[in-house]
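User: Could you take a close look at a single part of this protein for me, and set that part in the context of the whole chain?

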Amino acid sequence: MADTAQAIPERSNATSTFDVENPATGEVIATLPVSGRDEIEATVNACREAQRQWAALSFSQRGKMLKRFRDHLIDHKDEIAETISRENGKPLAECYSNELFYTCESIGFWAKNAIRFLADKQETPRLLKTKKAYSTYKPRGVIGMITPWNFPLVLTVGEAIPALMAGNGVVLKPSEITPLTVVLCCRLAEESGLPPGLLTYVTGLGQTGADLIDFVDMVSFTGSVETGRKIQIKCAEQLKPTTMELGGKDPAIVCADANLERAVNGCVWGSMTNAGQVCISIERAYVHEKIYDEFVSELVNRVEKLRQGHGHEDTDLGPMTFPKQLEKVEHHVESAKRDGAKVLTGGKRSTAKSGYWYEPTVLVDVTEDMEIMRDETFGPVIAVRKVKNDAEALALANDSRYGLSASVWSRDKAGATNIARRIEAGGVCVNDHMIHMLIPEVPMGGVKESGLGRRHGAEGITKYCHQQTIVVDRFGTSKEPTWYPLPKGIKGMLRRGLNLIYRSGWKNRLLGG
Ligand code: NAD
């Protein structure tokens with residue numbers, strides 16, 4: 001994993017560039033071009049060409065080709081894992097577990113199930129029985145996928161799979177912080193036999209993402225609320241469909257009867273994995289007063305044992321991915337401290353190494369007016385608050401502009417599920433956290449400011465389609481009763497028809513109720 005700077009890829013004649021760093025060392029590992037409008041337009045046009053042929057294939061043919069791509073990804077798993085770790089900082093084990101497993105499973109799931117969600121559906125009209133009616137799903141065309149840096153494979157190639165299975169082409173605009181995984185995987189896609197240009201990318205900063213919007217048919221965005229809002233406004237002006245997977249501030253509710261050991265272990269993992277840089281990280285824990293002291297003491301104990309180090313070392317968590325993120329975490333913790341919060345462990349940068357390191361941190365004595373309880377922190381920090389009962393925990397959990405995911409920890413599964421149903425979040429786990437992300441059968445997404453639309457489940461693929469309705473006349477009579485010339489007495493017939501059909505015994509015979 002030597003940090004050698006890479007040259008600008010040849011495909012671009014861009015005049016400006018940006019650097020990609022290894023967050024564990026701060027060294028520049030690559031310099032990439034900022035794609036200009038001409039290059040973006042040419043990339044989308046080439047993608048559109050490839051997409052037309054791709055859309056003509058059957059689901060089974062597309063599935064087979066994507067599975068060949070999966071084989072090629074697995075052949076290159078080490079190169080992919082190292083690339084992710086080098087640009088994002090996460091431990092190699094997480095690159096295999098979360099990133100590669102998710103993406104391979106995504107291919108298997110959508111290759112098998114796309115047809116189930118997208119097959120033509122025939123309906124029998126209640127009233128107009130002389131017509132046959134079908135609804136069909138058609139690909140939207142080219143999807144522009146603008147993505148963040150915390151999961152360089154899952155949120156790019158992983159999210160592209162349902163769009164591809166639906167017959168679309170995909171142009172990725174990976175985060176400027178972690179674009180190398182996408183560059184590598186798009187090359188692997190082409191090598192595996194996917195049509196050249198079908199799964200492709202442009203590189204650059206925010207402006208590149210903004211420019212991409214002008215050329216594509218739909219925008220799939222994962223990122224911050226602030227950027228999501230800007231993209232939503234731009235797409236509204238162009239009447240382009242969007243899907244928005246945005247930020248979160250996940251609460252964990254730990255009930256008095258929780259299996260303490262599991263709850264503590266789950267909260268450590270749920271808050272520290274990927275150095276807390278997960279949209280569905282636990283950032284707030286509301287713990288029942290009966291078990292609060294024991295919970296906090298065990299939590300601190302486990303957090304202090306976490307091993308923080310370079311991705312390729314035997315390590316639990318890596319550095320923060322880039323300086324701005326480190327500064328944000330530092331700012332949240334410092335401001336909470338000033339407002340009266342107490343740091344039980346961590347609470348500062350680690351200065352022993354070069355790179356962007358923040359110590360795993362447990363905060364207590366927090367209140368809801370603190371920034372650390374209101375805004376997404378996105379770092380290795382868990383803030384714990386004591387509550388009197390479940391009702392108080394629920395009220396505090398819901399007192400947020402975010403609503404991405406949450407968890408409830410209790411031995412009473414039915415009671416916990418009942419609490420889960422009352423949490424204002426797109427997904428809630430009982431005695432687990434964020435695991436719904438790895439179950440593509442069920443929808444995942446946010447409410448409130450955490451997003452619009454869902455990945456996974458039926459909506460995870462139908463969102464990449466528009467629906468077309470086809471109605472076929474069954475009998476071929478010379479004209480319909482309401483066509484011209486209107487038959488004499490039609491008004492009276494229609495008036496009588498209303499009574500006959502909706503008020504008499506005919507209602508059941510004609511309409512089935
Ligand atoms: P970000 O919003 O800063 O950037 C995301 C992407 O948008 C980047 O590729 C960036 O270049 C691009 N961009 C920036 N300005 C743009 C503009 N005006 N027009 C078009 N594109 C623009 O987010 P980030 O810091 O990369 O990612 C972290 C955020 O992502 C967190 O809030 C996190 O919660 C969220 N996230 C959400 C999910 C989810 O599934 N809900 C998953 C992962 C991350």
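Analyst: A residue is called buried here when its relative accessible area is under 20%, exposed when that area is over 50%, and partly exposed in between. By that cut-off Q51, at 8% relative accessibility, counts as buried, and its place is in helix α1, which covers residues 37-55. Please keep in mind throughout that the model is predicted.

Setting aside neighbours within four places in sequence, Q51 is in contact with P139, G141, G167, N168, G169 and L198. A second buried residue, T243, has a relative accessible area of 3% and sits in strand β9, residues 242-245. When residues up to four places away in sequence are not counted, T243 touches M218, V219, S220 and F221, and also L452, G453, R454, K463 and Y464.

The part I would look at most closely is helix α9, which runs over residues 260-272 and so has 13 residues by the way helices are assigned. From its first C-alpha to its last, α9 reaches 18 Å, close to the 18 Å expected at 1.5 Å a residue. The buried residues of this helix are L260, A263, V264, G266, C267, V268, G270, S271 and M272. Several strands take part in covering these buried residues of α9, among them β10 (250-254), β11 (282-288), β13 (361-364), β14 (381-387) and β15 (405-409), and the cover also includes helix α10 (292-305). Just after α9, the backbone at N274 takes a positive phi of about 55 degrees.

As for the whole, the protein has 17 helices and 20 strands. Its radius of gyration is 26 Å, close to the 24 Å that the globule rule gives for 513 residues, so the protein is as compact as a globular protein of that length. Along the principal axes, the C-alpha trace spans about 90 × 60 × 40 Å. Buried residues make up 55% of the 513 residues, and among contacts between residues at least 6 apart in sequence, 72% join residues at least 24 apart.

Turning to the surface and the charges, the accessible surface of the protein comes to about 22,600 Å², and 52% of that area belongs to carbon and sulfur atoms. The protein carries 64 positive and 64 negative charges, and the mean positions of the two sets are 13 Å apart.

Notes
Residues are numbered from 1 along each chain as its sequence is written. This is a predicted model: local features need pLDDT of at least 70, side-chain atom pairs count only at pLDDT 80 or more; totals for chains, interfaces and linings use all residues. Side-chain values use heavy atoms; hydrogens and water are left out. Helices (H or I, at least four residues) and strands (E, at least two) are DSSP runs, numbered from the N terminus. The expected span of a helix is 1.5 Å times one less than its number of residues. Buried means under 20% relative accessible area, exposed over 50%, partly exposed in between (1.4 Å probe, protein chains only). Contact means heavy atoms within 4.5 Å. The radius of gyration is taken over C-alpha atoms; the globule rule is 2.2 Å times the number of residues to the power 0.38. Accessible areas come from the Shrake-Rupley method with a 1.4 Å probe; for residues, only the protein chains shown count as cover. Lys and Arg count as positive and Asp and Glu as negative; His and the chain ends are not counted. The place of a charge is taken as NZ of Lys, CZ of Arg, CG of Asp or CD of Glu.
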